[in-house]
Amino acid sequence: MSDTAAAAASLSEYAEAAIIEDEALIEARMRAEELGATAISPATGALLSLLARVAGSTHVVEIGTGVGVSGLWLLAGMPENGVLTTIDPEPEHHRAARETFADAHIGPGRTRLINGAPTDVLTRLADETYDLVFVDGAPLSYPLFVTEAIRILRPGGLVVVNNASADGTIADREADDPRTLAAREAASIIAEDDRLLPAVIPVGTGLLAAAKA
Ligand SMILES: C[S@@+](CC[C@H](N)C(=O)[O-])C[C@H]1O[C@@H](n2cnc3c(N)ncnc32)[C@H](O)[C@@H]1O
């Protein structure tokens with residue numbers, strides 16, 4: 001490993017270790033492991049909370065609930081009257097997410113869990129309404145998710161894409177598997193939209209965030 005790569009690895013280790021999660025998050029991570037719903041890393045969660053707070057996010061959409069780890073982090077950055085709409089096709093994941101939100105004493109009015117295919121559900125959400133859209137669902141659908149996220153974001157809102165690196169393969173010029181191609185296409189959709197101000201943030205497996213003008 002080069003000195004630069006070693007420094008980046010140790011910085012990333014530090015960023016993750018610096019975040020202390022509470023009981024509800026620790027329990028949720030155990031549920032995520034049992035169900036195989038890979039959750040965002042602690043440092044990714046802390047950054048999501050920060051972005052939700054900075055964007056004044058009252059109305060948030062999440063694509064890919066999992067068992068609710070990212071949902072808890074998003075809610076932590078939202079005001080008390082904020083509502084998280086979170087979509088997942090797996091009923092078992094939503095059952096687990098309900099437990100996660102109950103454990104964390106999140107009132108039922110603060111979450112709207114929509115069990116269904118995000119590709120169908122998203123098209124029913126109104127244009128220019130949401131403050132923040134977090135994309136963490138099926139990687140092959142990222143281009144469609146990002147297109148819909150941009151449509152439903154209000155001006156000034158944020159789209160945040162998790163695992164934007166496709167588990168690190170995006171930087172490999174030789175990689176042309178469907179997941180990498182989908183991640184590249186999603187990144188291009190964001191890069192080519194003049195209304196968006198994007199940045200890649202090297203936390204977890206990479207976040208791609210963009211603010212809409
Ligand atoms: C990586 S996990 C989400 C983890 C969650 N965001 C967290 O950090 O706690 C991906 C989720 O996407 C869901 N999923 C599967 N197929 C999907 C699809 N076609 N569209 C959207 N989500 C899908 C899975 O059921 C799973 O719960």
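**Exercise 1. The ligand shell**

How many residues surround the ligand, and which are the closest?

Solution. The model is predicted: local features need pLDDT of at least 70, side-chain atom pairs count only at pLDDT 80 or more, and totals for chains, interfaces and linings use all residues. Residues are numbered from 1 along each chain as its sequence is written.

- Step 1. Count the shell: 20 residues surround the ligand (C-beta atom, placed from the backbone, within 6 Å).
- Step 2. Pick out the closest: G66, V69, S70, G137 and A138.
- Step 3. Sort the shell by class: nine nonpolar, eight polar and three charged. Here Ala, Val, Leu, Ile, Met, Phe, Trp, Tyr, Cys and Pro count as nonpolar, Asp, Glu, Lys and Arg as charged, and the others, Gly among them, as polar.

**Exercise 2. The sheet**

State the strand order, then follow the pairings.

Solution.

- Step 1. Seven strands (DSSP runs of E, at least two residues, numbered from the N terminus) form an open sheet. The order is β3-β2-β1-β4-β5-β7-β6, with mixed pairing (strands pair if DSSP finds at least two bridges between them).
- Step 2. Find the edges: β3 (111-115) and β6 each pair on one side only.
- Step 3. Take a parallel pair. β1 (residues 59-63) and β4 (residues 130-135) share four bridges. V61 stands opposite V133 in β4.
- Step 4. Take the antiparallel pairs. β5 (residues 153-161) joins β7 (residues 207-212) over four bridges, and V161 has L208 as its bridge partner in β7. β6 (residues 196-201) joins β7 over six bridges, and L196 is partnered by K212.
- Step 5. Inspect the hairpin of β6 and β7. Five residues lie between the strands, and G204 takes a positive phi near 55°.

**Exercise 3. The α3 and α4 pair**

Describe how α3 and α4 pack, and say whether α4 is covered.

Solution.

- Step 1. Helices are DSSP runs of H or I, at least four residues. α3 (residues 42-54) and α4 (residues 69-77) pack at about 35°, axes 7 Å apart. Axes are lines fitted to C-alpha atoms over the stretch in contact, and angles run from 0 to 180 degrees between N-to-C directions.
- Step 2. List the contact residues (C-beta atoms, placed from the backbone, within 7 Å). α3 gives G45, L48, S49, L50, L51, A52 and R53; α4 gives V69, S70, W73, L74, A76 and G77.
- Step 3. Classify them: eight nonpolar, four polar and one charged.
- Step 4. Check burial. Eight of the nine residues of α4 are buried (20 or more other C-beta atoms within 10 Å of a residue's own, all placed from the backbone). Among them are V69, S70 and W73.

Key
Two residues are in contact if their C-beta atoms, placed from the backbone, lie within 7 Å. A residue is buried if 20 or more other C-beta atoms lie within 10 Å of its own, exposed if 12 or fewer, and partly exposed in between; C-beta atoms are placed from the backbone.
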